[in-house]
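Me: I'm new to reading protein structures, and I'd like a close look at one single part. Could you pick a helix and walk me through it slowly?

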Amino acid sequence: VVLYVLDVRDPAGMRSAKLEKFLREEKPHKHLLFVLNKCDLVPEYAVKKWREELNKSYPTIAFKASINKAYGKRDLIALLQQISHLHSDQPQISVGVVGYPNVGKSSVINALRGKAVCKVAPIAGETKVWQYVTLMKRIYLIDSPGVVPAEDNIEVEAVLKGVIRVEYLHSPELFIDAVLSRVKPKYIKGHYDIKTDWTDSNDLMEKIARRNGKLLKGGEPDITCISKIILNDYQRGKLPYFSLPNGEVPVDEQT
């Protein structure tokens with residue numbers, strides 16, 4: 001079984017056509033399941049639309065990874081048990097948990113187990129080796145490091161998806177325009193307590209820097225520091241953003 005974990009904010013951008021084609025053509029005996037993780041970060045209607053869309057391809061479970069209050073845990077375990085019964089002639093089934101870095105693969109495993117068995121962090125690259133975890137008597141989970149498909153090599157997309165750690169960027173300010181193109185101004189203003197509009201990304205970063213006292217010697221705004229803060233906030237879901245299937249426009253953006 002392959003458990004493909006997708007960030008519900010951008011499921012289409014987290015899929016790998018190459019992997020899906022390989023499983024479909026070369027490994028048809030394997031079961032592919034989608035897990036829409038981080039469902040608490042988007043409206044319910046967005047989760048419903050994505051689940052309906054993805055179910056056309058493969059079984060899809062809406063999920064919120066939490067050790068104590070996981071959403072979708074019962075449905076996912078029930079589905080894995082059904083697959084296990086289908087292969088009752090086998091001594092066990094192995095469930096490989098795959099997906100982009102930072103989509104919450106280890107958190108999903110911890111939620112299924114109900115305790116911390118895999119190390120997690122809100123940054124890419126925390127899982128560095130394969131790890132086998134027993135879910136129940138005949139079902140084993142395999143945690144894996146995040147993998148970025150070869151076809152996805154656009155740096156801006158990699159940064160926004162959380163594939164690249166912010167501290168590794170030489171010019172983080174170059175990616176702020178991309179964040180602003182996705183996050184509505186009202187969320188930016190609310191999160192950083194900015195009262196006035198801005199002319200461009202540089203003007204915004206200067207306002208945030210002065211608002212938070214992030215200044216260099218001479219009183220100049222520390223643009224590099226602020227741009228890293230914005231990117232980290234975006235990657236960790238503190239700045240709301242989500243997409244809908246087939247280019248649909250979110251309800252509160254419709255005119």
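Reply: Let's start with a bit of helix arithmetic: the expected span of a helix is 1.5 Å times one less than its number of residues. Keep in mind that what you see is a predicted model.

Now try that on helix α9, which covers residues 201-212. With twelve residues at 1.5 Å each, α9 should span 16 Å, and its end C-alpha atoms are indeed 16 Å apart, so the two agree.

Next, look at the two ends. At the start of α9, D200 has a side-chain oxygen that reaches to within 3.2 Å of the backbone nitrogen of N202. At the other end, α9 is followed by G213, and the phi of G213 is positive, near 70°.

Which residues of α9 are buried? They are S201, D203, L204, M205, I208 and A209. Here's a handy rule for looking at a list like that: an α-helix has 3.6 residues a turn, so residues three or four places apart point the same way. As for what they pack against, the buried residues of α9 sit against three helices: α7 (176-182), α8 (185-192) and α10 (223-235).

Let's take α10 among those partners. Two packed helices are described by the angle between their axes and the distance between the axes. For α9 and α10, the axes come within 9 Å and cross at roughly 95°. Angles of 65 to 115 degrees count as roughly perpendicular, so α9 is roughly perpendicular to α10. On the α9 side, the residues that meet α10 are N202, M205, E206, I208 and A209; on the α10 side, they are I223, I226, S227 and I230. Sorted by class, this contact has six nonpolar, two polar and one charged residues.

Now for the other two partners. In α7 you'll find R182, which is buried because its relative accessible area is 18%, and buried means under 20%. The side chain of R182 makes a polar contact of 3.0 Å with the side chain of E157. Setting aside neighbours within four places in sequence, R182 is in contact with E157, L160, Y234 and Y241.

Finally, in the loop between α8 and α9, have a look at D193. The phi of D193 is near 55°, a positive value in a residue other than glycine. Is D193 buried, exposed or partly exposed? At 29% relative accessibility, D193 counts as partly exposed.

Terms used
Residues are numbered from 1 along each chain as its sequence is written. This is a predicted model: local features need pLDDT of at least 70, side-chain atom pairs count only at pLDDT 80 or more; totals for chains, interfaces and linings use all residues. Side-chain values use heavy atoms; hydrogens and water are left out. Helices (H or I, at least four residues) and strands (E, at least two) are DSSP runs, numbered from the N terminus. Buried means under 20% relative accessible area, exposed over 50%, partly exposed in between (1.4 Å probe, protein chains only). Contact means heavy atoms within 4.5 Å. A polar contact is a pair of N or O atoms within 3.5 Å; within protein, one must be able to donate a hydrogen and the other to accept it, and residues adjacent in sequence count only if both atoms are side-chain atoms. Axes are lines fitted to C-alpha atoms, for helices over the stretch in contact, and angles run from 0 to 180 degrees between N-to-C directions. Angles under 35 degrees count as roughly parallel, over 145 as roughly antiparallel, 65 to 115 as roughly perpendicular and the rest as oblique. Ala, Val, Leu, Ile, Met, Phe, Trp, Tyr, Cys and Pro count as nonpolar, Asp, Glu, Lys and Arg as charged, and the others, Gly among them, as polar.
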